[in-house]
Amino acid sequence: MKKIAFIGMMGCGKSSIANDISKDLALKLISIDKMVEKELNLSISDIFEKFGEPYFRKIETKVLKNAVINESCIIDCGGGVILDSSNIEILKNNGYSIIFIDRNPEKILEEIDVNNRPLVKDNPTALIKIYNERIGLYKKYSDYIIENNNDYDYAINSVKSLIINL
């Protein structure tokens, strides 16, 4: 039984990696952000705009509690899931191994469309500040760290090797 949760900054590649790994290993994929959007029938940007980040975080925890009951799956957590330690407790108490996908924030800024990222759309360089504020939590809460700074295939193969051996 494989229970894997990916954490990391917005744009670090965790959703792409989670998607590819779930297909390669035939594991169910659950995206917490997509579940939040479905729960409220709004995009993440609209949720932030209409209700604010604290409300989003409350719904994020609610859907995470529902997601962890699945057997053998991959959970793609939102970038800020680590801001509430109870989210990590939910994952750990339900047997999830947590993989932190780490990526240099400058590389992230080169590749993401900031217009779809509510925390940085008005100030893209805020991503660097957010990364610096969160990096300690990502490292603290992760069981494994995979870097995704250069070769995507290398990152995928590193994750796949790790998961196969769990």
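**Entry 1. Salt bridges in α4**

I looked up E60 and found a salt bridge to R57, with the closest N and O atoms 3.2 Å apart. I took a salt bridge to be a side-chain nitrogen of Lys or Arg within 4 Å of a carboxyl oxygen of Asp or Glu. I note that this is a predicted model, in which local features need pLDDT of at least 70 and side-chain atom pairs count only at pLDDT 80 or more, while totals for chains, interfaces and linings use all residues. Residues are numbered from 1 along each chain as its sequence is written, and side-chain values use heavy atoms, with hydrogens and water left out.

E60 and R57 are 3 residues apart in helix α4, so about one helical turn separates them. Helices here are DSSP runs of H or I with at least four residues, strands are runs of E with at least two, and both are numbered from the N terminus. I then checked accessibility, for which buried means under 20% relative accessible area, exposed means over 50%, and partly exposed lies in between (1.4 Å probe, protein chains only). E60 is buried, at a relative accessible area of 1%.

I next asked which residue forms a salt bridge with E53. The partner is R57, and the closest N and O atoms of this pair are 3.0 Å apart. R57 and E53 both belong to helix α4 (residues 53-67), where a spacing of 4 residues puts about one helical turn between them. R57 is buried, with a relative accessible area of 16%, whereas E53 is partly exposed at 25%.

**Entry 2. A salt bridge between distant parts of the chain**

I recorded a further salt bridge between K92 and D143, whose closest N and O atoms are 2.5 Å apart. This pair links distant parts of the chain: K92 lies in helix α5 (residues 85-93), D143 lies in the loop between α7 (126-141) and β5 (144-147), and 51 residues separate them. K92 is partly exposed at 34% relative accessibility, and D143 is partly exposed at 36%. Returning to α4, I noted that salt bridges with shared partners join E53, R57 and E60 into one network. My search of the whole structure gave 6 salt bridges.

**Entry 3. The buried face of α1**

I examined helix α1 (residues 14-24) and found K14, I17, A18, I21 and S22 buried. Viewed down the axis of α1, its buried residues fall within an arc of 125°, so they line one face of the helix. The arc is that of the directions from the helix axis to the C-beta atoms.

What covers these buried residues? The cover includes β1 (3-7), β2 (28-31), β3 (73-76), β4 (97-102) and α8 (152-164), where contact means heavy atoms within 4.5 Å.

**Entry 4. α1 against α8**

I looked up how the two helices pack. The axes of α1 and α8 come within 10 Å and cross at roughly 55°. Axes are lines fitted to C-alpha atoms, for helices over the stretch in contact, and angles run from 0 to 180 degrees between N-to-C directions. The crossing makes α1 oblique to α8, given that angles under 35 degrees count as roughly parallel, over 145 as roughly antiparallel, 65 to 115 as roughly perpendicular and the rest as oblique. On the α1 side, S16, I17, D20, I21 and D24 make the contact; on the α8 side, Y152, A155, I156, V159, K160 and I163 do so.

I followed A155, which is found in helix α8. A155 is buried, at 0% relative accessibility. Leaving aside residues up to four places away in sequence, A155 touches I17, I146, E147 and N148. I also checked A155 against E133, 22 residues away along the chain, and found their C-alpha atoms separated by 24 Å.

**Entry 5. Positive phi values**

Most residues other than glycine have a negative phi. I therefore noted A26, a residue other than glycine with a positive phi near 55°. A26 sits in the loop between α1 and β2 and is exposed, at 68% relative accessibility.

Where is N41 found? N41 is in the loop between α2 (32-40) and α3 (44-51). Its phi is near 55°, also positive in a residue other than glycine, and N41 is exposed at 68% relative accessibility.
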